[in-house]
Amino acid sequence: MPAALLVSKSPPLCGELTVHGAKNSVLPILAATLLCRTPCVLHNCPDILDVTHTLQILRHLGCSCERSGSTLSIDPRGFAENAVPPALAGSMRASSLFLGALLARTGAAALTLPGGCPIGARPIDYHLQAFRALGASAEEEGGTVRCRADRLHGARLRLPGPSVGATENAMLAALGADGCTTIENAACEPEIADLGAFLCACGADLRGAGTPRIEIEGGALTLRRAAPASCAGVIEVLGQCGCRIRCGHDTISIHRQGPLTACRPVTARPYPGFPTDAMPVLLAAQLGAQGKTSFTETIFENRFLYVQELQKLGAKLSQDGRTVRLQGAEPLHAARLHAGDLRGGAALVLGAMQAEGESTIFGVKHIQRGYDNLEAALQSAGARLKTVEIPIKV
Ligand code: UD1
C-alpha cells in the first residue's frame with residue numbers, strides 16, 4: 001500500500017541511534033553469494049526494500065534465503081537460473097550486479113536495464129566494456145542486456161571512470177575468468193573494500209579492493225589452515241607444472257596459468273624429500289598435463305595399486321617396477337573403479353573428476369579413513385561428486 005510520511009518541525013536531535021549495515025555494501029555481497037558453493041551467513045544486514053528485492057532475485061535464481069533478525073542465510077546450492085525477472089531488475093540499480101555474478105557462475109546472464117533513483121542517465125556501458133574485455137559478448141537489445149561467454153579470460157581493464165557498480169561487476173566477473181585480471185581506475189568506495197573482504201573470506205585471491213588498482217586471480221583455489229613450509233616439495237613441483245602459488249602464514253593459493261605442463265620426474269623419499277603420500281594425488285593431477293614424466297617410489301613396494309584403476313579411465317600410464325611413466329595427456333572417460341588404499345583412493349577421485357561422464361568408485365571406506373568429508377570439501381570448490389548407497393546383494 002502506498003505510504004506517506006507526515007513530518008512536523010522537530011527539536012534538535014539527541015539520544016543514541018544505532019547505524020545499520022550499509023545498503024551499498026550488502027547488495028553486492030548478496031549478489032556475490034551466487035559465486036559460493038556452500039551456504040553463507042551475513043550478519044548486520046539492514047531490513048530495507050532493496051535487500052528484500054535482492055533476496056527475491058536470489059530465490060528466483062534457485063537460492064534459498066532466510067532472515068532471522070539482521071542475519072541472512074543464503075544457500076546458493078539450488079541455483080539453476082540465469083535471468084533476473086524484469087520487475088525485480090527494474091526496482092533497483094544494484095540488480096546490474098547480477099550480470100557479473102551470473103556471468104562468472106554460468107557464463108550467461110540476462111537482465112532488463114536496471115532501475116534505481118533517477119539521479120542521472122546511469123548507463124552501464126563501463127560494465128559491459130569490462131565484460132567484453134574478459135571475453136564475453138555483452139549486447140543490449142530492447143532494454144534487455146544479454147551477456148554470454150564460453151570461457152572468460154583474465155585481462156587488464158582500465159575503467160573510463162571510477163564507477164562503483166562497474167568496479168563491482170568487473171570484480172565478480174573476473175572471479176569466473178581463467179587467469180589474472182587487474183582493474184585500473186577502480187572505484188575506491190568503502191563498499192568496494194567490503195565486497196573484497198567478503199570475497200576473500202570466501203577464498204577468493206583478490207588484492208587492492210578499496211584502492212584504484214585491484215588484482216584478481218580468477219579460478220584460484222585457496223587452502224586455509226595450511227602449513228606451507230611442510231608442503232615445500234609439493235609446492236615446488238606444482239610450480240613446475242605452470243601453477244602460480246602464493247603462500248601466506250597459513251594459507252596457500254594455487255592458480256593455474258594456461259595449460260598444465262608435466263612436472264619433472266618425481267621420486268618419493270623420506271622427509272624433506274617428496275612425500276610418498278602426496279605422490280598418488282600428484283600423479284592423478286598430472287593426467288591432463290602436456291608432456292611426459294615419471295614417478296618413482298622408494299619407500300613402499302606396492303604403492304601403485306591405483307595405477308591400473310587410472311588406466312581404466314584411459315590414462316596413458318605404464319609401470320616398470322617402482323617407476324610409473326606418464327606418456328602424455330589422453331582424453332579420459334568414466335569407469336568403474338576400486339579404491340584399494342587411502343591415498344590411491346583420493347587419486348581415483350581426482351582422476352574421475354577429469355574424466356568425461358560419471359565414474360563410480362568403490363571402496364570408499366579407504367578414502368574415509370583419512371579425509372574428513374572429502375565430498376563436501378571438493379563440492380565447495382566446485383567438484384561434482386556425491387556418495388550413494390550400494391544395495392547389499394543377498
Ligand atoms: C553507486 C551507489 C550509489 C552512489 C554511487 C556513487 C549502489 C547500488 N549505488 O551507484 O548509491 O550514489 O555509487 O557513489 O551501490 N557511469 C557511466 N557508465 C557506467 C557506469 C557509470 O557513465 O557504465 C557514470 C554514471 O552515470 C555516474 C558516474 O559514472 O555519472 C558514477 O556512477 P557509479 O559510480 O557507477 O554509481 P552507481 O554504481 O550507479
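In this predicted model, the buried residues of helix α6 are Gly165, Ala166, Thr167, Glu168, Asn169, Ala170, Met171, Leu172, Ala173, Ala174 and Leu175. The helix is thus mostly covered, with 11 of its 12 residues counted as buried. Its length is in keeping with its number of residues, because 12 residues at 1.5 Å a residue should span 16 Å, and the end C-alpha atoms of α6 are found 17 Å apart, which agrees. At the start of α6, the backbone nitrogen of Gly165 has a side-chain oxygen of Ser163 within 3.5 Å.

Ser163 also takes part in the surroundings of the ligand, since a polar atom of the Ser163 side chain lies 2.6 Å from an oxygen atom of the ligand. Taken alone, the ligand exposes 740 Å², and the protein buries 68% of that area. The elements that give two or more residues to the shell around the ligand are α1 (23-32), α5 (125-133) and α6 (164-175), and the largest share, 3 residues, comes from α5. Of the 14 residues around the ligand, those that come nearest are Asp125, Tyr126, Ser163, Val164 and Gly165. In chemical character, the residues of this shell divide into 5 nonpolar, 4 polar and 5 charged. Polar atoms of further residues also lie beside oxygen atoms of the ligand: an N or O atom in the side chain of Asn24 is 3.0 Å from one oxygen atom of the ligand, while for Pro123 a backbone N or O atom is 3.2 Å from an oxygen atom of the ligand.

Two residues in other helices were examined individually. Thr54 belongs to helix α2, which covers residues 49-60, and its relative accessibility is 2%; because buried means under 20%, Thr54 counts as buried. A polar atom of the Thr54 side chain lies 2.7 Å from the backbone oxygen of Asp50. When neighbours within four places in sequence are left aside, Thr54 is in contact with Leu27, Leu30, Met92 and Phe98.

Gly345, in turn, has its place in helix α11, made up of residues 342-353. With a relative accessible area of 0%, Gly345 is likewise buried. Not counting residues up to four places away in sequence, Gly345 touches Ala339 and Ile367. Between Gly345 and Ala101 there are 35 Å in space, C-alpha to C-alpha, and the two residues stand 244 residues apart in sequence.

For the protein as a whole, 13 helices and 19 strands are found. Along the principal axes, the C-alpha atoms fill a box of roughly 90 × 55 × 45 Å. Of the 394 residues in the protein, 44% are buried, and the protein exposes about 20,800 Å², of which carbon and sulfur atoms supply 54%. Contacts across the sequence were also considered: among those between residues at least 6 apart in sequence, 62% join residues that are at least 24 apart.

Definitions and conventions: Residues are numbered from 1 along each chain as its sequence is written. This is a predicted model: local features need pLDDT of at least 70, side-chain atom pairs count only at pLDDT 80 or more; totals for chains, interfaces and linings use all residues. Side-chain values use heavy atoms; hydrogens and water are left out. Helices (H or I, at least four residues) and strands (E, at least two) are DSSP runs, numbered from the N terminus. Buried means under 20% relative accessible area, exposed over 50%, partly exposed in between (1.4 Å probe, protein chains only). A polar contact is a pair of N or O atoms within 3.5 Å; within protein, one must be able to donate a hydrogen and the other to accept it, and residues adjacent in sequence count only if both atoms are side-chain atoms. Contact means heavy atoms within 4.5 Å. A residue is near a molecule or strand if one of its heavy atoms lies within 4 Å of it. Accessible areas come from the Shrake-Rupley method with a 1.4 Å probe; for residues, only the protein chains shown count as cover. Ala, Val, Leu, Ile, Met, Phe, Trp, Tyr, Cys and Pro count as nonpolar, Asp, Glu, Lys and Arg as charged, and the others, Gly among them, as polar. The expected span of a helix is 1.5 Å times one less than its number of residues.
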